[in-house]
Amino acid sequence: MNSKTLSRRQFVTGVTIGAAALAINPSLLFAGMRNNITTLTGNTFNLSIGAQSVNFTGTMRSATTVNNALPAPLLRFKEGEMITLNVTNHLTENTSIHWHGLILPSEMDGVPDISNDFHGIKPGETFTYRFKAQQSGTYWYHSHSSFQEQTGLYGPIVIDPAGKDPITYDKDYVVMLSDWTDENPTDVYHKLKKLSHYYNFNERTHTDLMEDIEKKGLENTWNDRKMWNQMRMSQRDLSDVTGYTYTYLANGITPDKGWVGLFEKGDKVRVRFINGSAMTFFDVRIPGLKMTVVAADGQNIEPVSVDECRIGVAETYDVIVEPKYDRAYTIFAQDISRSGYARGTLTPDASMLGEVPELDKASSLTHSDMGMNMSNMAGMDHSTMNMSWPMKGMDHAKMNHTSMNMKQTTMVGMDHSKMDHSSMGQQKSMAGMDHSKMKMTGNKKMLTMDSMVTHADTEFGPHIDMRSADPQYRLDDPGVGLRNNGRKVLVYADLRNLHMTHNYPDPDREIQLHLTGNMSRYMWSINGVKFADAEPLRFKFGEVVRITFVNDTMMNHPMHLHGMWSDLETGDNRYIPRKHTVIVQPGAKISYRVQVDAKGSWAYHCHLLYHMLGMFRRVDVV
Amino acid sequence: MEYLKIITIGCLFVLTSSSFASGMEDDPVVTKVMGEVELRSTDGANPGAWNIEAWIGKDLNKFWVKTKGERVAGHTEKSELQWLYSKAVTPFWDLQFGVKQDFQPKPKRHWGVIAAKGLAPYLFEVDASLFVGESGRLGARLDAEYEYMLSQKLILSPEVEINAFSKDDELTGTGKGLSSVEAGLRLRYEVTREFAPYIGINWEKKYGKTADFSIAEGEDIEDAQIVVGVRFWF
């Protein structure tokens, strides 16, 4: 390693701001004082998990921390090295650490009772993790026990490449975004069970109704809302937990204080964004600067220049920014429901701060977020469609559960002779549909369909409030709240592996997994079966599996497979990007390939903390 | 009391829990108590009314208690208590079975209950109950409520309750057929989600034989009141 690369890789540390904060008891207010996260480097790390008093809101609370830091210390090591991490539990309950996105043996993956031979770290005990760093890039680590991820047990990992880094930069910063609540996470969960919209203060009101009627007229307003009203769903249900209770943090710093990173005019600044939240999707931008995204989930991609980037829970994106002027730039990370933001500043001078933009107006979910295919529906009269979820009058057995999709794909694929039209007729709401018309629009689409979306028997019942009628691949959809906002927003279709993947073997088989739930009962599951009742998924060692997710809910779910990469099918098989966490948009489908190259048992789950208890599977690779 | 034994056994069954890998329970036992307590501008000293429900249980199986009543001048005029087992049967509806006791007006009456409680399309909260009383007397009640959000915290909620019976019960003053209709309109302000003071109006009218019984007792058969109260849950 020559001196030039050394200086490039030099990590910026020790920018201390906030002299006033020094007067306050440091043991209580460390979060307000430190600007940069503590960095530990080398190949052996001693991590001590304990309880720590923090004060983010004016009220003192107990957090779960590593080495008394929130976020936990940044662990920086080198690709190819053997890494040893001694993790000691000073809590009164069990704990664990999972190294998110790292390829390692199951025994070292840190999920209690799922990872091989691992049952959590008991109070007073030390567990030694040892594994070889097989990759480079930006990752993170967090607890996989109880709700400790919500109370602060998360930290960044940066693995420097063994060879030359294809990305060049002068400054290197980690910005770890997270959500803090003063509430006990168990109370948060129970509140959601009692009143699922507890934290949503963005519901439609009288004012919205009047505006809509004025704009669209009474009839159109009625029709627009008809399906939502019939389905008993909120079009404004963007995030289960919001800024009502959350304080959004950047590197453990509240938005009023703000994290600060220094640059010199002309620097290439690498910012490694990590979403270490329990429940929050962040939409990140740096007004005045283009962000060149160079890595997704730690893996290098072909650089793509954007204004804004949605980071789902547990995703990471590395961006390069090149400030050309001696001015301050605000890193603005607003939550998906626009109830708050985390803030940082890139500035040539710590005393110079950038302007903070207004929060965007919160958006509403659309019919495509409900699992309908809007591209083929232009000619359809929504008011006569009048669907209801679920469709009780239908003869499911005879319909082969091919969803209640009365439009093109499944309609064409269905065996009409087996369909009990008489029983369908009993379903009043379907009588008004023009089947012949739909069949016509469908034929063309059928040719490009790879697999049919079918809903399992287990997806029918009181625990499921929706099934997507016709979920679409929406790789070029930036998602609710970011559509047509005038900014160039990163979409999954933009992700192209930096290296060719044309030799990628075709999948041996496909597994379709439906993300399911009942929002108002606050129940979450996969294929309608919650983890507690589910058989493990079985992957065969050596095979290539295509996972196709169908989202039968109106929430975004960041799905994380442990132990193996999720190689995202973006449509261009020559440059398949690798991810460890993949957002499945509401009512959408998405697929990725998994090279099953890691034996043992692995966790596979939604990374939203209050969903994962049910929306979870064990994967056994044998 | 036989049904209390059944409830206890049922409780033990429902509350038996399974544990999750990392020590968390996806379907924990949760309790909720919710209700409205209000003062009404009607005849007599300090007239008031309560309508309180509580449940304990898991996602799909719960025990539910409902009580409502009215008091005037320190005297309870009407009161009832229901003990129900509540089972989720569709995404938005629960079926409830159990017993109901009417303590006031005297004499005490016992009923078996089957109810459908849930959210109807267009977001109407509905509680429809069928009561099976002594000597085969049937009662039916429909309660429906809607929440219109004036703002995120200011909510206008119209509510209607309709009662009907299959046979006369002269002693309690309830008659065959449509017995009473109660309609209310309450405007509440959610100081927090859990605590919302409100003002509103409440209108009640008795019909048919029930009205006749009231007239014979020298009571009004129609009453409209202004109400002030608190809606709460925890």
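This is a short tour of a predicted model, with suggestions on what to select at each stop.

**Stop 1: the two chains**

Select chain A. It has 622 residues, of which 52% count as buried. Its secondary structure consists of 11 helices and 32 strands. Take the contacts in chain A between residues at least 6 apart in sequence: 78% of them join residues at least 24 apart.

Now select chain B. Chain B has 234 residues, and 25% of them count as buried. It contains two helices and 13 strands. Among its contacts between residues at least 6 apart in sequence, 42% join residues at least 24 apart.

**Stop 2: where the chains touch**

Show both chains together. How many residues does each chain bring to the contact? Chain A brings 35 residues and chain B brings 25 residues. On the chain B side, select residues 30-40, which are strand 1, and residues 75-90, which are strand 4; each of these strands supplies at least two residues to the side that touches chain A. Strand 4 of chain B gives the most to that side, with three residues. By type, the chain B residues that touch chain A are 15 nonpolar, six polar and four charged.

**Stop 3: two helices of chain A**

Select residues 206-216 and 218-231 of chain A, which are helix 4 and helix 5. Their axes come within 7 Å and cross at roughly 120°. Angles from 65 to 115 degrees count as roughly perpendicular and those over 145 as roughly antiparallel, so helix 4 of chain A is oblique to helix 5 of chain A. The crossing of these two helices is right-handed.

Display the side chains at the contact. Helix 4 of chain A contributes A:D212, A:I213 and A:K216, while helix 5 of chain A contributes A:L218, A:N220, A:T221 and A:D224. Sorted by type, these residues are two nonpolar, two polar and three charged.

**Stop 4: a five-strand sheet**

Stay in chain A and show strands 24, 32, 31, 26 and 29. They form an open sheet in the order 24-32-31-26-29, with mixed pairing. Which strands stand at the edges? They are strand 24 (537-539) and strand 29 (581-584) of chain A; each has a single partner strand, so one side of each is left without a neighbour in the sheet. On average, neighbouring strands of this sheet are turned by 25° against each other, with direction ignored.

Begin at the strand 24 edge. Strand 24 of chain A runs parallel to strand 32 (residues 616-621) of chain A, and three bridges join them. To see the two strands face each other, select A:L537, which stands opposite A:V619 in strand 32 of chain A.

**Stop 5: strand 26**

Select residues 557-561 of chain A, which make up strand 26. Is this strand largely enclosed or left open? Five of its five residues are buried, so strand 26 of chain A is largely enclosed by the rest of the structure. Look at the directions of the side chains: A:H557, A:M559 and A:L561 point one way, and A:P558 and A:H560 point the other way.

Next, add the neighbours of strand 26. Strand 29 of chain A pairs with strand 26 of chain A in the antiparallel sense, over four bridges. Here A:H557 stands opposite A:V584 in strand 29 of chain A. Strand 31 (residues 600-606) of chain A also runs antiparallel to strand 26 of chain A and is joined to it by three bridges. To end the tour, select A:H560 and its bridge partner in strand 31 of chain A, A:H605.

Key. Residues are numbered from 1 along each chain as its sequence is written. Chains are lettered from A and ligands numbered from 1 in the order in which they are written. This is a predicted model: local features need pLDDT of at least 70, side-chain atom pairs count only at pLDDT 80 or more; totals for chains, interfaces and linings use all residues. A residue is buried if 20 or more other C-beta atoms lie within 10 Å of its own, exposed if 12 or fewer, and partly exposed in between; C-beta atoms are placed from the backbone. Two residues are in contact if their C-beta atoms, placed from the backbone, lie within 7 Å. Two strands pair if DSSP finds at least two bridges between them. Axes are lines fitted to C-alpha atoms, for helices over the stretch in contact, and angles run from 0 to 180 degrees between N-to-C directions. Ala, Val, Leu, Ile, Met, Phe, Trp, Tyr, Cys and Pro count as nonpolar, Asp, Glu, Lys and Arg as charged, and the others, Gly among them, as polar. Angles under 35 degrees count as roughly parallel, over 145 as roughly antiparallel, 65 to 115 as roughly perpendicular and the rest as oblique. A crossing is left-handed if the near helix is turned anticlockwise from the far one by less than a right angle, and right-handed if clockwise.
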